[in-house]
Amino acid sequence: YVDWLLTVPLLLIELILVMKLPQAETVSLGLKLGVASALMVACYPGEIQEDLAVRWFWWKLAMVPFCYVVLMLMVDLNEATSKQPSPAASRLVSAARYVTVVSWCTYPV
């Protein structure tokens, strides 16, 4: 979870930075995605619980920021992807978004 706390927000922020968006949009998106991904770590107490009902509670709680990040990557960043300077850059950024979402689908399991 310490690794998750550091690497995931940085990965998402890096994805925003390579998009070369206007500074205000970059800061806004980076902050939203960074905070949301870090919030998933706050649900660590569920990992150390023996009671399954408590574990499911924490899992559901962790899914809220998880779904928010996936929604941001799939919907909100779709418009930003179209602002890329070239079609090739747009395809690469789009591929990075999709690969991130697909790889993240292993998290809830």
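Is Lys20 buried or exposed? Lys20 is exposed, with a relative accessible area of 71%. We will come back to this residue in one of the views below, all of which show a predicted model.

**Figure 1. The whole protein is built from four helices and zero strands.**
Following the sequence from start to end, you meet the pattern α-α-α-α. Along the principal axes, the C-alpha atoms fill a box of roughly 50 × 25 × 20 Å. The protein has 109 residues, and buried ones make up 34% of them. If you take the contacts between residues at least 6 apart in sequence, 70% of them join residues at least 24 apart.

**Figure 2. A close look at Lys20 shows a residue in the loop between α1 (2-17) and α2.**
Have a look at the backbone here: the phi of Lys20 is near 50 degrees, a positive value in a residue other than glycine. For comparison, most residues other than glycine have a negative phi. Lys20 counts as exposed because its relative accessible area is 71%, and the cut-off for exposed is over 50%.

**Figure 3. Helix α2 covers residues 23-39, and this view follows the helix from end to end.**
With 17 residues, α2 reaches 24 Å from its first C-alpha to its last, close to the 24 Å expected at 1.5 Å a residue. Which residues of α2 are buried? They are Thr26, Leu29, Gly30, Leu33, Gly34, Ala36 and Ser37.

**Figure 4. Thr26, a residue of helix α2, is shown with its neighbours.**
Thr26 has 15% relative accessibility, so Thr26 counts as buried; the cut-off is under 20%. Leaving aside residues up to four places away in sequence, Thr26 touches Ile16, Leu17 and Leu21.

**Figure 5. Helix α2 packs against helix α3 (residues 52-81) at an angle of about 160 degrees.**
Two packed helices are described by the angle between their axes and the distance between the axes. Here the axes of α2 and α3 are 8 Å apart. The angle of about 160 degrees makes α2 roughly antiparallel to α3, because angles over 145 degrees count that way. The crossing of α2 past α3 is left-handed. On the α2 side, the contact is made by Glu25, Leu29, Lys32, Leu33, Ala36, Ser37 and Leu39. On the α3 side, look for Pro65, Tyr68, Val69, Met72, Leu77 and Ala80. Sorted by class, this contact has 10 nonpolar, one polar and two charged residues. Leu29, Leu33, Ala36 and Ser37 take part in the contact, and these residues also appear among the buried ones of α2.

**Figure 6. Helix α3 also packs with helix α4 (residues 87-104), at an angle of about 170 degrees.**
The axes of α3 and α4 are 10 Å apart. The angle makes α3 roughly antiparallel to α4. From α3, the residues in contact are Phe66, Val69, Val70, Leu73, Met74, Leu77, Asn78 and Thr81. From α4, they are Ser90, Val93, Ser94, Arg97, Tyr98, Thr100, Val101 and Trp104. By class, the contact has 10 nonpolar, five polar and one charged residues.

**Figure 7. Ser82 is found in the loop between α3 and α4.**
Is Ser82 buried or exposed? Ser82 counts as exposed, at 56% relative accessibility. Now find Ser94, which is 12 residues from Ser82 along the chain. The C-alpha atoms of Ser82 and Ser94 are separated by 9.0 Å.

Definitions and conventions. Residues are numbered from 1 along each chain as its sequence is written. This is a predicted model: local features need pLDDT of at least 70, side-chain atom pairs count only at pLDDT 80 or more; totals for chains, interfaces and linings use all residues. Side-chain values use heavy atoms; hydrogens and water are left out. Axes are lines fitted to C-alpha atoms, for helices over the stretch in contact, and angles run from 0 to 180 degrees between N-to-C directions. Helices (H or I, at least four residues) and strands (E, at least two) are DSSP runs, numbered from the N terminus. Angles under 35 degrees count as roughly parallel, over 145 as roughly antiparallel, 65 to 115 as roughly perpendicular and the rest as oblique. A crossing is left-handed if the near helix is turned anticlockwise from the far one by less than a right angle, and right-handed if clockwise. Contact means heavy atoms within 4.5 Å. Ala, Val, Leu, Ile, Met, Phe, Trp, Tyr, Cys and Pro count as nonpolar, Asp, Glu, Lys and Arg as charged, and the others, Gly among them, as polar. The expected span of a helix is 1.5 Å times one less than its number of residues. Buried means under 20% relative accessible area, exposed over 50%, partly exposed in between (1.4 Å probe, protein chains only).
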